[in-house]
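Got your viewer open? Load the model below and keep the selection box handy.

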Amino acid sequence: MSKPTLCVLYGSQTGTAQDTAQRIARQAQRRKLQVQVLPLDSYNVANLISESLVVFVCATTGQGDPPDNMKNFWRFVFRKSLPVGSLSRLDCAILGLGDSSYPKFNFVAKKLHKRLLQLGASVLLPVGLADDQHDLGSDAVIDPWLTSFWEKVFALYPSLHVMCGCILLPPTYTFHFLDDVKETTDDRLRIPTEQTVPSQSRPFPCRLVSNRRVTDVSHFQDVRHIEFDITGSSIEFAAGDVVMMRPCNASEDVEQFCQLLRLDPDARFTLRPTDHNAGVFPARLPQPCTVRHLMESYLDISAVPRRSFFELLSTFATNELERDKLVEFSSAAGQDELLSYCNRPRRTTLEVLADFPHTTAELKADYLLDLFPEIQPRSFSIASSLQAHPRRLQILVAVVHYKTKMYKPRKGLCSSWLASLDPAQGEVHVPLWVKKGTLKFPKEKDTPVIMVGPGTGVAPFRSALQERIAEGKYANILFFGCRSESKDFYFRSEWDEMMKAGHLTLFTAFSRDQEDKVYVQHRVRENAGLLWDLIANKSACFYIAGNAKEMPDAVCDALKEAFQKEGGVSAEDAEQMLATMERSGQLQSETWS
C-alpha cells in the first residue's frame, strides 16, 4: 500500500491535547508520513469519509463536556441522520486526556470511540485513557499507547521506516525579520468598530475599574475583588457564566528571555508557513509583529515545560552533557528524573533555558512557535449580576504565590498579572469575553436553591444571589467556608444585608478559628433535617463550587448521610438518589483542580 496522509485532530481546552497532537505529528514526520494537525472545529468534518488514517486526541472538560474547539464537530458527529456505514473506509485511533479525580473521567474520548464504531470506522486499538492523576502524569498511558499505535500503522503500511530522533525536523514557520523598525499598536487593545459579541478570536478590551484586596493584610493569601466596565462591549451574562482572558508575561521575564536568546525585543518580523500542511496559522499574531509582542502576549515562557519541550530542545544540543540530560528527560525511562527536576519544584521554561546555556545559544528564532506553547485563556466565575451592577463585570481572584525548593517563589501567571494592574496609575484595559458556564439555576420562583461555596468558590453564588433576589426569588441557602471570620470572609456585609431582608439563610464554617477544624461538609451534616425537607419535599436544587481536591466528595458524602438519617433510606438508595439528582440537574457542581 502507498503511504497514507495522517490527520491528527484534537480537542484541547488548556493546550495539553494540542501538545500531544503535535508530538504525534512529529513522530509521523520521522516516519516520512505526510501529516496534518488541526483543532477539530477547524477541520471540514465532511472530509472524514475520504480520510484513510486519523488520530483523535480529545480532552474532557468540566462535567464531561467537549473542549471549546471541538463543539461544532461534536454536534455534527452525533447527528442522528448520519448513515451507519459512512466511515467504513476510515482507520482511526482515539486518545483521551482526562483526570480521574473528576466523575466523568475521559467521557469525551469514550463517547467518541463508541460513536465512530457506530459509523463503521475501523478503530485500530483500544481507546487510550490518559490520567493526569497518575504519578507520571498522562505520559504513563500515552507512551505505551503510541507504541501500540505505530505497530498497527507499520502492519498496515510495511514500507514505513523511522528516521533518527536526533535529526532536527523543519520548523512549522519561518521568521522573516524586517529591516525597518516602526511603532506598532497592540491589536488586543483596539476597540472593535462593528457590534459583534466578544469571543476568543475577538475579545473586547474592557476598562479595569477597581482592583481591591479583600483578605486581611495579615492573611497568607492575597485575594482580589476586580471590577471591569463592559460599556459598549455587547457582553451579556447570567449567573453561572464565566469570563475568559489571556494574561501577559511579566516584563522582567520578557527581558530575560530576549537576553537568553539574543533577540532584539523591538525587531519586527512576518511569519511564513514552511509547508502547505502547516496547520492553523497563528491568527492572534499581527503581521508584521514585534518580538516583544510575541514574548509578552503570545508565547507561554513562564510555564512548567512539558516533556515535548525537552524532546525538541535535545535536537539543538551540541554540548554532550546537556544533550544526554535532555535526551534522558525526553525518554520514557527518564520521567522520574524529569518530575524531580521540573514538575515537583515547578521549574519554568525560562529557568530550564538558563540551566542549559549551550543548547539555548543554539536556538533559532524559526523554532520559537514549535518550542513554546501559546498562552492559554484563563477562566473565572463571574461574581456579579447585571441586574445588581449594570455595565459591570466582577470577579474574585486568589493570587497564586507559593514556595518550592526553587530560590524564587512560584507565581500564577494570570492571577499575578491581574494583581499587578492598577487603574490608579492610568487607564488599564483587559481584553476579555464571556462563555456560558455549566451551572444553571431554576427559573421557577418557588424552587429553593442550596449553594455550597467555600473560599473563592462562592463567586458564582454571589452572582446567582444578586440575580435571584432581583427576580424576587428568596428561597436561598448558602454554606460558606473560609479559614477565619476576621481574615477571609468574602462579601460578609452583603450576606448580612440579604439575611436581614429575609432573602438568604447563611451557614458559615471558619476552619481555623477553633481548635477542631470545621468545614462546610460539617455544616451540611449538622443541617441534615433542613436539607432533607428542602430536597425531598420542595425539590430544592443543590450546587457545589470550589476546589476539586476533597471538598466536593466530602459534601456529597455528608448529603448522602443526611438522606439516610432523615429520610430513612439505605446507603445504596442514598447513592442512587444523588445519581438521579445529578442526571436531572438537581445537583450541579463546578470544581477546579
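What follows is a walk from one stop to the next, with something to select at each.

First, some ground rules. This is a predicted model, where local features need pLDDT of at least 70 and side-chain atom pairs count only at pLDDT 80 or more, while totals for chains, interfaces and linings use all residues. Residues are numbered from 1 along each chain as its sequence is written, and side-chain values use heavy atoms, with hydrogens and water left out.

**Stop 1: the parallel sheet**

Select strands 18 to 22 (strands are DSSP runs of E, at least two residues; helices are runs of H or I, at least four residues; both are numbered from the N terminus). You get an open sheet of five strands in the order 20-19-18-21-22, with parallel pairing. Two strands count as paired if DSSP finds at least two bridges between them. Now look at the edges: strand 20 (505–510) and strand 22 (587–592) each have a single partner strand, so one side of each has no neighbour in the sheet. On average, neighbouring strands here are turned by 10° against each other, direction ignored. For such angles, axes are lines fitted to C-alpha atoms, for helices over the stretch in contact, and the values run from 0 to 180 degrees between N-to-C directions.

Zoom in on strand 18 (449–452) and strand 21 (541–547), a parallel pair joined by four bridges. Met451 sits opposite Tyr543 of strand 21. Next add helix 17 (528–538), which packs on the sheet and touches strand 18, strand 19 (476–482), strand 20 and strand 21. The direction of helix 17 makes about 130° with that of strand 18. Touching, here and below, means heavy atoms within 4.5 Å.

Slide over to strands 19 and 20, which run parallel and share six bridges. Phe479 has Phe507 in strand 20 as its bridge partner. Show helix 15 (492–500) as well: strand 19, helix 15 and strand 20 make a right-handed β-α-β unit. To check the hand, point the strands away from you; the path from the first strand over the helix to the second should run clockwise.

**Stop 2: the antiparallel sheet**

Select strands 13, 10, 17, 8, 9 and 14, which in that order form an open sheet of six strands with antiparallel pairing. At the edges are strand 13 (378–381) and strand 14 (392–398), each pairing on one side only. Neighbouring strands of this sheet are turned by 40° against each other on average, direction ignored. Pick out strand 8 (204–213) and strand 9 (223–229), an antiparallel pair with six bridges. Ser210 is bridged to Glu227 in strand 9.

**Stop 3: a helix with two sides**

Which residues of helix 8 (320–330) are buried? Select Glu322, Leu326, Phe329 and Ser330. Buried means under 20% relative accessible area, exposed over 50%, and partly exposed in between, with a 1.4 Å probe and protein chains only. Look down the axis of helix 8: the buried residues fall within an arc of 100°, so they line one face. That arc is taken over the directions from the helix axis to the C-beta atoms. The face turned away carries the exposed Glu320 and Leu321. Add helix 7 (307–314), helix 9 (335–343), helix 10 (349–355) and helix 11 (357–362) to see what the buried residues of helix 8 pack against.

**Stop 4: the cores**

The largest nonpolar core has 40 residues, and Phe257, Leu294, Met295 and Leu368 have the most contacts inside it. Such a core is a set of buried Ala, Val, Leu, Ile, Met, Phe, Trp, Tyr and Cys residues joined through side-chain atoms within 4.5 Å. Centre on Phe257; leaving out residues up to four places away in sequence, it touches Leu263, Met295, Ile301, Leu350, Leu353, Leu368 and Phe372. Another core, of 29 residues, lies apart from that one, with Val8, Ala21, Leu124 and Trp145 among its members.

**Stop 5: helix 4**

Stay with Trp145, found in helix 4. At 6% relative accessibility, Trp145 counts as buried. Its contacts beyond four places in sequence include Val55, Ala93, Leu125 and Gly128. Draw a C-alpha distance from Trp145 to Gly128: 6.3 Å, for residues 17 apart along the chain.

Finish on Asp139, also in helix 4 (139–156). Asp139 is buried too, at 15% relative accessibility. Not counting residues up to four places away, Asp139 touches Arg23, Pro144, Arg307 and Gln335.
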